[in-house]
Amino acid sequence: MRQNHIKELDPFLRSLLYIIGGEIAIYVGRELLNSESEDITDEDITENIKGKIEGKDIDFEPDDLETLKLNTVRKTLYKLYSEKLAQFRRIRDKSTGWFIYYWWHEFDLLEEILLEKKKLIESKLRDRLQFEESNYFFICKNCQDSNIKYNFDEAFELNFRCSDCGSPLEAQENKPIIEFLKNKIVLIQKTKITLN
Ligand SMILES: [Zn+2]
């Protein structure tokens, strides 16, 4: 059975788990956190959670008489696995021939994962900034809803006339977009990722 001291998930991690797999992911995450000393099987996780929600008004299987299915826990574990927050090893049970899956969390990697995401966002913003800075667009003020932008070559081809209505094309001021992107980049650089 469980030890008396129950570890709680960091609030940030809790939110992240919820985003990844809903309420059940928080329960699964909590089981993984509290079985750090020995890896836990998906069956055990399911049984533990069922024990914890017993008598409470919690039902993870609303279409069913059961409150929680092993399959739901497995799906959740795989979601955590694909987000690099959990790992498993499998061992074949010699008597049944079935695989037993032992799971553990990789929450320590969270900071690294988030830093990677941050870098990715920053590089996307930089690409976009570079694109805006090196491209100068022409638009038709008559057809602004259509959102069509022409680069210099395209506008030149069209004799600086809109291909839809024939109005003259005007150079679009993209300084506001450039400013916006620059601010976003500064903001994301300033964002510190720290977990307690
Ligand atoms: Zn037009």
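**Close-up 1. Helix 5 and helix 7 pack against each other in the predicted model.** An axis, as the word is used here, is a line fitted to the C-alpha atoms of a helix over the stretch in contact, and angles run from 0 to 180 degrees between N-to-C directions. In this predicted model, the axis of helix 5, which covers residues 110-134, and the axis of helix 7, which covers residues 175-190, come within 10 Å and cross at roughly 160°. Because angles over 145 degrees count as roughly antiparallel, helix 5 is described as roughly antiparallel to helix 7. The crossing of these helices, helix 5 and helix 7, is left-handed.

**Close-up 2. Residues of helix 5 and helix 7 make the contact.** Helix 5 contributes residues that include Lys118, Ile121, Leu125 and Leu129, while those from helix 7 include Ile177, Leu181, Ile185 and Ile188. Sorted by the character of their side chains, the residues of the contact of helix 5 with helix 7 divide into 8 nonpolar, 1 polar and 8 charged.

**Close-up 3. Three strands form an open sheet.** The 3 strands are arranged in the order 1-3-2, and the pairing is antiparallel. Strand 1 (40-41) and strand 2 (86-92) are the edge strands, each of which pairs on one side only. Strands of a sheet pair through backbone hydrogen bonds, either parallel or antiparallel. Strand 3, made of residues 99-105, is joined to strand 1 by 2 bridges, and in one pairing of residues Ile40 has Trp103 of strand 3 as its bridge partner.

**Close-up 4. Strand 2 and strand 3 form a hairpin.** These strands, strand 2 and strand 3, pair in the antiparallel sense over 7 bridges, and Ala86 stands opposite His105 of strand 3. Between strand 2 and strand 3 there are 6 residues, and in the turn Gly97 has a positive phi of about 85°.

**Close-up 5. Helix 2 and helix 4 lie across strands of the sheet.** Helix 2, made of residues 23-33, lies across strand 1, strand 2 and strand 3, and runs at about 85° to strand 3. Helix 4, made of residues 70-82, lies across strand 2 and strand 3, and runs at about 125° to strand 2.

**Close-up 6. The protein chain is divided into domains.** Domain 1 covers 11-105 and domain 3 covers 137-173, whereas domain 2 is made of two stretches, 110-135 and 180-196. The centres of domain 1 and domain 3, taken over C-alpha atoms, are separated by 55 Å.

Conventions: Residues numbered from 1 in each chain as written. Predicted model: local features only at pLDDT ≥ 70, side-chain atom pairs only at ≥ 80, totals over all residues. Pairing = 2+ DSSP bridges. Helix = DSSP H or I, 4+ residues; strand = E, 2+ residues; numbered from the N terminus. Contact = placed C-beta atoms within 7 Å. Domains from an automatic or database assignment. Parallel < 35°, antiparallel > 145°, perpendicular 65-115°, else oblique. Left-handed = near helix turned anticlockwise from the far one by under 90°. Nonpolar A, V, L, I, M, F, W, Y, C, P; charged D, E, K, R; others polar.
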